[in-house]
Structure formats: C-alpha cells, structure tokens
Amino acid sequence: MPEVKVENVSKKFGQGKIVAVDNVSLQIRDKEYFSLLGPSGCGKTTLLRLIAGLIQPDEGNIYIEGKLVNNVPPEDRGIGFVFQTYALFPHMDVWDNVTYGPRVKAWNTQQSNKIGREMLEMVRLYERAKALPHELSGGMMQRVAVARALSAGAKLLLLDEPLGALDAKIRLELRYEIRRLVKDLELTAIHVTHDQAEAMAISDRIAIMRKGRVLQVGTPQELYMNPQEIFVANFVGEANFLEGYVESVNETGAVLELRGRLHVKVLDKNKNLGEKVVLAVRPEAFEVWKGHRKVQNALSGQVERFRFEGTNVRYEIRLENQDLVVVTRPTLAVEWLDVGEKVTVSFPPDKSFVFTYPSKGLREELIAE
Amino acid sequence: MSRFGLFKFLDRVSSKPAVRYVTYSISVVFFFMLILIPPILGILFKWNQVGQIFEDPSLQARALGAIYASFGMALFVSLIDVVAGLPLAWFIARGKSKWLNALDTLVDIPFILPTVALGYSMLLFWSQPQGVSSLFGTILISPGWLLVLLLHFVFSFPIVVRVMVGALLDYQIVYEEASRTLGAPPLTADRTVTLSILKPSLVSSFILAFARSLSETGATVMVAGIVESKAAFENGPVFIFLTGKNSAAAVFVSFVLIAVASLIFAVITVLGPRLKLPTKKVWPVFERRLSGEGFAFSRSVVTLLLFFFVVLLPSLFVALPTVSAITNGTFAQALSSAGIWQGYWQSLILSYFVGAVVTLINTFLGLPMAVLIARKRVGALTSTILDVLINVPLIVPSIALGASMSFFWSNFAFIPETALLVFAHIAITYPYFVRAMSSAIERISMDLEEASRILGAKPFTLFRTIILPLTKYSLFAGALIVFTRSVDETGATLAVVSTLKTAPVLLVDWVKGTVKATASDVGLGIGFLVILSFAVLLVMRLVVRGKERRY
C-alpha cells in the first residue's frame, strides 16, 4: 500500500488568483526516497506543506498510510519536517532541540534521553549537545535539524530544500548522508529541491513540477533517457532543441526536415506527416569530426566557442542552417577542436527525442519560472 | 539669500569639523543642562529638607505607603496588562477576519485619548449614577484603588497590545511550524517556542506599561477619591499633589520614586533577557484539549468581551456628556467664552503653544543627539551611555521629575513660568523624539551615506538629501508623539508651575470641584480636547501620507 497518496489536490492563494498546486495526483511508495523537482515557484514546497498539514488543500485528498488526513493537524500526522532554514529553536541548545519532539509527546525521560543520544550520535553531533544554534556551522545545523525531525519516531520524513543554504562541497557530502540515514532507518522521504543533480543522485523516483502541475514521474534514468515533455528534457540534464517538420514516416521511424532543409532520421514514428516538431538531442549524444564526414544524421558546422570543463570539453557549433548546438565530449577521449574549425556533427537516431511543437512557442516552453 | 545660496552656505559650513563639533556639543550640553542635571541638582538642593520627614512618623508612614502603592500598583497593572493584552494581540496578529483592521484601530483609542479624558470617562462610567452603576442601582466602583487600577490597566493596555502585535507580525512562523511537525499542539508550540522567542518584546511591553502606570498623574488624581486633601487611594503622584510640591515630604517621595524606578528598570533591563520561561514541562493531554477549536473560540470571546466592556466602552463613555452638552446650551456658552470658559480657552491655547514650542525645540536639538547615538559619532561606549541616559525621563514619574526640576529652577526667580513649563515638557518628551529618530537613522545603511559622500555630497547635503527623506516618517511620528504627549501632560505641569494652567490641569480642577464647573462643562471641555487631538493626528497623518505619495 502506498505510504503517501495525493489525489487531485489543488491549492490557490490570493483569493484564487494564484494557483500554486493544480490538480496534482501522486503516489509515493513505502520506504521510497521521492523528490519533488522543479524551478522556483512551481508549487513543490506548497505540495510538501500540504502533505505536512501546515496548509489545507482547496480541493482533493491526501492520504498517509491509507488514512485520509485532510483535517488532521500536523502534530498528529506522524511526520518529520526539515525546513529550508532549519528552524532550530534559537533559545534551546542542540540537546533540547533534538529531544523536543519526544518531550511534547510525553515520552518518559529515559526514552527521550535514549533517542536524543541515538539521533545525535547518528549525525555525529553528540559532543555539541550543549551548543546553541548560532554557535553551529550551516552543515551542523542541518544535521541537527534532521536529527530533530527523526527523534519523535516519524516514519515519513519531509525535507524542504534542506541543502539550499549550504556551500557546494557540504551539499555534496550531506546529500548522500541524508539518503543513507533514510535508508538505514527504513523511512519514506519526500525531498523538495530545485537542484536536478541533487535529485538525480539520491532519489528512487522524481516528480518534475512546473507551474503547479506534475509533468512526469519516474526514476532518474527514466526522466533523463525518456523525457515526455520539452520542459523535462531541458530541466533534467541539458538538451539542444531544433525546430523542424515531419517529412516522412515509415515503419522504422521518421525523417525530419530541419531549418535550412537539413534532414535527419529519428526512431519516433508517432508524429503526423507535415507536423511541426521539436527535435531534442543531448550534448553528449553528438559525435563530432573535423572536416566533412559522410555518416547518418551528419550536419555540417563551424566551432564558434570552446570551454574546458574538467572532465568534458564543451563546444558551441554553428550549423550551416545557423542553428547553434552544444556538444560535450570527454576531455581525454578525443582530439580537441579549435575555434573556427569546420566540423561535422551527428547523432544516433535512438538518442534523440521528438516533441510536438508547443502551442505557446518553444521559448515559452523552455522558461524555467 | 536664495534657497540655493543658503544650501551652499550651509554645505560650506557643515564641511568644517569645528562646526559639526559645536552642533553635536550643543545638543549634548542641552540634554545635560536642561534635562538630566536639573532634576538631580533639584533633589540635592532640597536634600537638607528630606530629614524633616523622619521627624513626623505619621507623614513618614504616609509617604512610604504612597511609594509602595505606586510601585505595587504599577507592578500589578503591568502584569495583568501583559496577561490580558497578549491574547488580544494574538487574535489581531493571527486572525483572518476582515474586521481585524477595525479592531486594531479601536485598540489604540485609550492610547490616543488625553489621559484626563480617559480618567473622566472612567469616573463617569464606573462611579457616577449615569454610568454602568445605573444598571445595578448602586455605585459599582467608587473612586479609590480599584478605579485607579482599572484606569491604569486601560491606558497601558494599548501599549502592550501594540508591542506584541508588532512582535508577532515580525516573528518567523517557521519556528511554530517546526514545533507542530514535531508533535506539539498549538498551545504547547506557542508556550514553549513562540513566547520564548518573543520574550524581549514581552519584557519591553512590561517595562512600558510599568513606566506609564508609575508616571500617570492627572487622571489618577481624578479617580483616586480625593476629598478635602485626603485620598481613598494615595500613590506617589497623588501624595505629591496633596502635600504640595515644595514640601519636604514631596522632596522625599520624588527622590525615592526616581531612585527606585531607575533601579527597577536597570534590574529589569539586565535580568529580563535572562528570565527563563517554563518550556521544558509539557502537559500534552491538557494542552491539546485547550488547543481545540472550542476552547480557542471561548478564549477569543472572553478576550473581546474584556476589551469591549472593560477597556473600550469606559474609554468612550465621555462622548455622552459631550454630546448632551452640545444640545443643552453649554456649547453656546463655551463659544462665547462666558464664565469659566474664558479660562478654558486660555488654557487650551497655552497647551498648544507649549506643545508647539516643545516640539520645535526637541526636533532641532534632538536630531543631532539622534545622529550621535545612531552613528556612534562619539565612540561606541559613549554613544551607548547617552543611549541609556536619554531614557531616564521616560522611566521616572513625571510629577517627581517636574517637582525635582521645580526645586532646581526655583533658584532662578527671573525665569518666567512659561519657560519652566516648556523646560519640564521638553524633559518629559525629549526621549520619545530621540528614540524614534535614532532607531530610524540606524536602519539606514551606511552604504547610502558613503555612496553620497563619494559622489561629492557635503555633510549638510547628505543629511538633507539622504537621511531626512529616508526618516521623514519617523520624524513626523516622533514630532507627533512629542506634541500630543506635551498637550496631554499633567503631572509635571502641576509640579513645576503654580499660576499657569494648561488644559489638562484645568480640567482636573473642574472635575475635583476646585473650579465650579457642571458635568456638561467638564464633558464639553474634554470633548474639545479630544476632538482637537484627533484633528491634529489626522492632519499630521495626511501630511505624512501626502509626502510619501510624492515619492
């Protein structure tokens, strides 16, 4: 049975003018690490707060462990919540913060002390038990916040951009630590983030959200390898978008005519003849050679810009039809190209995605917020 | 000289360090010579008289009783103000009704009303046949300690509510949310987390209510039950009023009130932040029940009933005799300045004249002090000391301050009473202006000043084009508080002058019967004072809003 079920939930603000969550339905499985991923203002924090009971839905139902919880206050939902700003009580030391949950639930002192010690040892901060929040670093505060959220025995952990306020290196370390904690304790976690690398690294499944709606739910691999919408293809990873029309369709796939009468073959045969489409190809899917090369899906161009990024080199190549594509190649794998060099790029048909051209235009579809 | 020429001249002058030094020095000297030192020296000049009180055991006992009554009343009233004011503040800050704006405005009424108006209104409502006593066939509350308690409760109540509403609105609700997600019901979350974080505001509101209760004179004299030089309730201000400001007993009581008040405030300021609220113990079942909707609703109902029937209605009751005075011929008499009304208009003009002069002087001489404190121009330690010292007039009873100033200035017989009145009112109101302006200036980032200077602005231009526009609202608010406080001031006026009567002092005489005035006369006299106060408030608000719209 699903741990958390969200059924046709909507939430509006500003007397109905702002639709923060728009008819969202989700199922999060027991012991799953689930992320809500999307740009700022997409409704992911609102959805998390609805699940927590901090706000009530205008429409729809929320179930936790099969029970309808719409009218159940947060203190009775059996959740733990890690806030973006940690919300450690400034007038209490680490120990009092962590044992707050057991105390307000009237656990006896022995139980409270035992769980307090266990939680602090788990996050390696037992020796800082007497410290006040303002005496801790950002990473320490975050670990105390997690320990506090878990101390009252919650089986469902909600995290609202828990790593947002930390520097890059600490973020990288702590993301795995949080996942490890959740898995060791066999919890269900719902993690809100706008960082797609973070979501991809630690999640069992991810829901991509935009403008209050869930666009796609899947494992990180599914979202990356098989995006169902242009926005998902652009938000999860990077992609080049080329406009064109379906010139022909057969059993093996379709041929698209891009701008400048360039023709490429794709495997997607579900589009209609003459339909305006958008072809998406990830930068790492391209191959690139110096000069002219006769290969499938060959496109001629010239290197306009080059950037060294450590493990990859990144080229911006102006095609003969004036479209600009980004190509990334492993630094040590191939010979580097020079700016101004004439090149041929190509991509395998099975490593591309074809989308119907959006009614509001491609630019509007790609805007994150 | 054209305006441009004047600005250029002032720029040139303000660039000279010596001129800035003299400007700041004048403001500091003004503060010490006119505000801080006179009361201290006044007490010292009369110190040899203090011993006389110990030769009269009954007078000594009476004086000590008055002192205990002052502090006891202030302490008790402040506690019940905080206990009663907090639920209303919560209701206003967290409520979702469209009527909350109206409620928020109504809460300020006892604060805006001149205290003599409030005192008379309370007297009519609780102790006169035409008030609530008419429902019971007997006087419900006679003038005395209970009526004084109600009066002090009512005029300090808005202060507590205002401070706590502000604190609750500034409070980061995420702490309460965190507490709820950890299993705490709303009441537990509020008690163990919110109140602890808001403790500084609780302490501030307690201190302000305490100071206000300690200082209040005019209205207290009205409701203390004074009959032929004896009072049913005698606190420090009433004692000084009855024994005469120059008596040895008055010197003794003034000194003790000032000294003990200063000590109490110092202790509260130091120990207040260390006060630990009970947050460890929880009663989950009991507090969960009290957090329920039914109990929350009952709490709101009780809070609102208390506010309407104990605070608002008694405060506004004075409107009844005012309205009846308009219809029964008293109004015509008043406009024709017949009889006692000639004195009334003279007093009213004096009140507003003194208020205007005090406001102007405080503005011009308080501004440099505010800059000194906010920008720490004389070093961090000295600025902090000045910051503490300017609060002294705020925390001592105004009649005691007035009496001690009178002891000092009586050595300079050539100084006219009007000037003494202005000095006393400056002392009482100075901290309000400097506090408002120094806080406003502190909020302006130094980056803005530095950017202005790098672009070539001289000190005067910097002040005129950066500081002043960004603090204009606080400047008007500060000036408004000074003006209304001065017009409303009774205690210091009674202590410092003997022949001049401001409007509040005259009205106290009318109520006590020192001057023969009918109930209609009193009602109308108070009504004029209230209407004019509201009119001044409205004009100032419109002026401020008008200036804001231009930006």
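How many Å apart do the C-alpha centres of domain 1 and domain 2 of chain A lie? Start with that in this predicted model.

**Stop 1: the two domains**

Select residues 4-234 of chain A; this is domain 1. Give residues 241-361 of chain A another colour; they form domain 2. The C-alpha centres of the two domains lie 39 Å apart. Now look at where they touch. Domain 1 of chain A brings 4 residues to the contact, and domain 2 of chain A brings 6 residues. On the domain 1 side, 3 residues are nonpolar, 1 is charged and none is polar.

**Stop 2: chain A against chain B**

Show chain B as well. Here 22 residues of chain A are in contact with 16 residues of chain B. On chain A, select strand S6 (79-82) and helix H3 (100-104); each supplies at least two residues of the side that touches chain B. H3(A) gives the largest share of that side, with 4 residues. Colour the chain A side by class: 14 residues are nonpolar, 4 are polar and 4 are charged.

**Stop 3: an open sheet**

Return to chain A and pick out strands S2, S1, S4 and S5. In that order they make an open sheet of 4 strands with antiparallel pairing. Which strands stand at the edges? Select S2 (18-28) and S5 (67-68) of chain A: each has a single partner strand, so one side of each is left without a neighbour in the sheet.

**Stop 4: inside the sheet**

Zoom in on S1 (residues 4-13) and S4 (residues 59-64) of chain A. These strands pair in the antiparallel sense over 5 bridges. Finish at Val4(A), which stands opposite Ile64(A) in S4(A).

Technical notes. Residues are numbered from 1 along each chain as its sequence is written. Chains are lettered from A and ligands numbered from 1 in the order in which they are written. This is a predicted model: local features need pLDDT of at least 70, side-chain atom pairs count only at pLDDT 80 or more; totals for chains, interfaces and linings use all residues. Domain bounds come from an automatic or database domain assignment. Two residues are in contact if their C-beta atoms, placed from the backbone, lie within 7 Å. Ala, Val, Leu, Ile, Met, Phe, Trp, Tyr, Cys and Pro count as nonpolar, Asp, Glu, Lys and Arg as charged, and the others, Gly among them, as polar. Two strands pair if DSSP finds at least two bridges between them.
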